[in-house]
2 protein chains.
Amino acid sequence: MNNPKQRCIELSHGGGGVEMSALIRKLFFKHFSNDILLADEDAARLQFNGPVAFTTDSFTVAPRQFNGGNLGKIAVAGTVNDLAMAGAKPQYLSCAFIIEEGLTFAELELQVKSMAAELEKSGAKIVCGDTKVVPKGAADGLFINTSGVGECVAAPSWRQLQTGDAIIVSRDIGRHGACILASREGLELDSELASDCDTLWPAVKALLDAGIDAKAMRDATRGGLAAVLNEWAASRQLGIVVDEQSLPIDPAVQGLCELFGFEPAELANEGTFVLAVSPEQADEAVAILQQFQPRATLIGHVSADYSGKVVQNSPWGSKRYMELPKGELLPRIC
Amino acid sequence: MNNPKQRCIELSHGGGGVEMSALIRKLFFKHFSNDILLADEDAARLQFNGPVAFTTDSFTVAPRQFNGGNLGKIAVAGTVNDLAMAGAKPQYLSCAFIIEEGLTFAELELQVKSMAAELEKSGAKIVCGDTKVVPKGAADGLFINTSGVGECVAAPSWRQLQTGDAIIVSRDIGRHGACILASREGLELDSELASDCDTLWPAVKALLDAGIDAKAMRDATRGGLAAVLNEWAASRQLGIVVDEQSLPIDPAVQGLCELFGFEPAELANEGTFVLAVSPEQADEAVAILQQFQPRATLIGHVSADYSGKVVQNSPWGSKRYMELPKGELLPRIC
């Protein structure tokens, strides 16, 4: 696959000596440049006063390049989004690469540039990192771990969910999973189905700035909307009732799901979140979210019935459970 | 290799649904249990007031079990040590697993238990995590990333190095690299050569509690003692002069180095650090460190000569440079 003329990563780039030092300076520092990173110690020194959120994710998505994003983009957006969902300002990220010997410099640089571009959307900075190179065959190309810390400006939690609360999704669901599925299957789609992969902080900030009390927020990644709603219902021991017809789903996503037997609500998203607010704030919250994504929608509410379960009302008056997904039909989605 | 009767990790354990939820609860929460982790959100909420250190490392060591430690132990000790070296109390760790499909539960549990045991030595807690499972062949067994945050109680930095400062190593050097080398080569050694892999916070805390002004500290991991001293000398543009005869080296490490043509000063350590203090505090610092490791030794000093270089004085009066290591003779050391 690799052009033999292209420069490749060698084991020495992870050896802790001359070559690793050059890689860090010429590639990582070049693109991630900021005051804290350039202090050039093993650990970054930060300053906080008050509550701080801390989160981690490793990213192993395959293929590493897909319509709407790539591994580098998802590695930044994913952790920034975990901070945003915790009501925290995405401020500082770590970045740890596990690189398979033989990866081209060109691809590594492409992924690093995507990371840098995605950081711009939230203003988060990469302030510490790590580089490991493993021999050919010991990893599949490139894995990236990012961890993040940031000051909490809100305190959303499923613990605050109450009967009657409105459940909102920030855009149409299932795009990322469908996009990865299509790219693996080599499908040529009529429509340009792109992943939703994106940084959610601007939308969260707009909600908070407008005084929306985000009672609970969660990005619907692995396990999709179904995983988030089931975790909330089970943790809080309340029911969640969803109006099936209201679920925003792109026709291309719907079509793929019918073809492969998936549920859109179980497909992963990488730039879509679920928000719970009091019924009084529901319309305003949807209106704010629609400034970012036109298909932000009120999809249901928290109910005193069906404790611990998620129930979908069909347009024909029937009901069915939306279950916590089982098994793994689509590995390496993120 | 795997006993077919043993339960193994499947792709579904990384799918974000029922199986992943069970793995997290039954294995990770069981061994890492603490108040913050059990809050059960994607991000941990912490509280800080003042300067905080933040660091990350991915661990890919092979073999995963070696004399003196294993992947789980190194994954905790490594990040705890990076915090300690920054003068920070190791308080909170994240933990992200990349698991190859087919890894046995038994091994995963063994590694997780080793992590929990190592956490006890510093009091650090794992407060957030991530689990990815990749198909067979896409990773080599198990990779673990840990990131860490903790309050700074001191501010060591190479920027504070001055001519005359004493350079101390906390114990004999090169053990981890030699131990991995021996286990890869299948060598039967006369002596029980064990890795130095260990948590350094108790020794650092003892130094700080005694009022030692740790001007600079760095654990001598990849690239060994040679990498630390060269980085300090080059960054600060001062020389470092080392008395070659004073370097504490176990005879088994020395023997392996002679056999394979390595320099003990270039071999990785995983529980050995370099400390710079004013000449007035050198004896006291060595005495404190010897309570933890009898071979803690004053090995040299910072010099106005040889700017940016590390020079070794041999017992015969000759001098040679200790160079920043080049190439990679021993991949996947950590």
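In chain A, strand β7 (residues 166–169) and strand β10 (residues 273–277) run antiparallel and are joined by four bridges. That pairing is one piece of a predicted model, where local features need pLDDT of at least 70, side-chain atom pairs count only at pLDDT 80 or more, and totals for chains, interfaces and linings use all residues. Residues are numbered from 1 along each chain as its sequence is written, while chains are lettered from A and ligands numbered from 1 in the order in which they are written. Here's the rundown, starting with that strand.

**Around β7 in chain A**

- A quick word on terms: helices (H or I, at least four residues) and strands (E, at least two) are DSSP runs, numbered from the N terminus, and two strands pair if DSSP finds at least two bridges between them.
- Within the β7–β10 pairing, Ile167(A) sits opposite Ala276(A) of β10(A).
- β7(A) also pairs with strand β11 (residues 297–303) of chain A, again antiparallel and over four bridges.
- On that β11(A) side, Ile168(A) has Leu298(A) as its bridge partner.
- Which residues of β7(A) cover its two faces? Ala166(A) and Ile168(A) are on one side, Ile167(A) and Val169(A) are on the other, and all of them are buried.
- "Buried" has a cut-off: 20 or more other C-beta atoms lie within 10 Å of the residue's own, against 12 or fewer for exposed, with partly exposed in between, and C-beta atoms are placed from the backbone.
- As background, side chains in a regular strand alternate between the two faces of the sheet.

**Chain A as a whole**

- Chain A carries eight helices and 13 strands.
- Its radius of gyration is 21 Å, close to the 20 Å that the globule rule gives for 334 residues, so chain A is as compact as a globular protein of that length.
- For that comparison, the radius is taken over C-alpha atoms, and the globule rule is 2.2 Å times the number of residues to the power 0.38.
- The C-alpha trace of chain A spans about 65 × 50 × 30 Å along its principal axes.
- What share of the 334 residues of chain A counts as buried? The figure is 58%.
- Take contacts in chain A between residues at least 6 apart in sequence: 87% of them join residues at least 24 apart. A contact here needs C-beta atoms, placed from the backbone, that lie within 7 Å.
- Val204(A) belongs to helix α5 (residues 201–209) of chain A, and it counts as buried because it has 32 C-beta neighbours inside 10 Å.
- Val204(A) and Cys179(A) are 25 residues apart along the chain, and their C-alpha atoms are separated by 25 Å.

**Two domains in chain A**

- The assignment splits chain A into domain 1 (11–151) and domain 2 (158–321); such bounds come from an automatic or database domain assignment.
- The C-alpha centres of these two domains of chain A lie 28 Å apart.
- Domain 1 of chain A puts 18 residues into the contact, and domain 2 of chain A puts in 21.
- On the domain 1 side, the elements giving two or more residues are α2 (71–85) and α3 (105–122) of chain A.
- The largest share of that side, eight residues, comes from α2(A).
- By class, the domain 1 side has eight nonpolar, seven polar and three charged residues. In that scheme Ala, Val, Leu, Ile, Met, Phe, Trp, Tyr, Cys and Pro count as nonpolar, Asp, Glu, Lys and Arg as charged, and the others, Gly among them, as polar.

**Where the chains meet**

- Chain B and chain A each bring 66 residues to their contact.
- On the chain B side, β1 (44–59), α2 (71–85), β4 (92–100), β5 (125–134), β6 (142–151) and α6 (224–236) each supply at least two residues.
- β1(B) gives the most to that side, with 15 residues.
- The class split for the side of chain B that touches chain A is 31 nonpolar, 21 polar and 14 charged residues.
- Strand β1 (residues 44–59) of chain A runs antiparallel to β1(B), and 11 bridges join them.
- One of the partners in β1(B) is Gln47(B), which bridges to Pro51(A).

**Symmetry**

- Chain B superposes on chain A (RMSD 0.0 Å) through a rotation of 180° with 0.0 Å of shift along its axis.
- That is the relation of a two-fold axis.
- The fit is by least squares on the C-alpha atoms of residues with pLDDT of at least 70 in both copies.
- The same surface serves both copies, as 100% of the contact residues of chain B recur in chain A.

How values were computed
Two residues are in contact if their C-beta atoms, placed from the backbone, lie within 7 Å.
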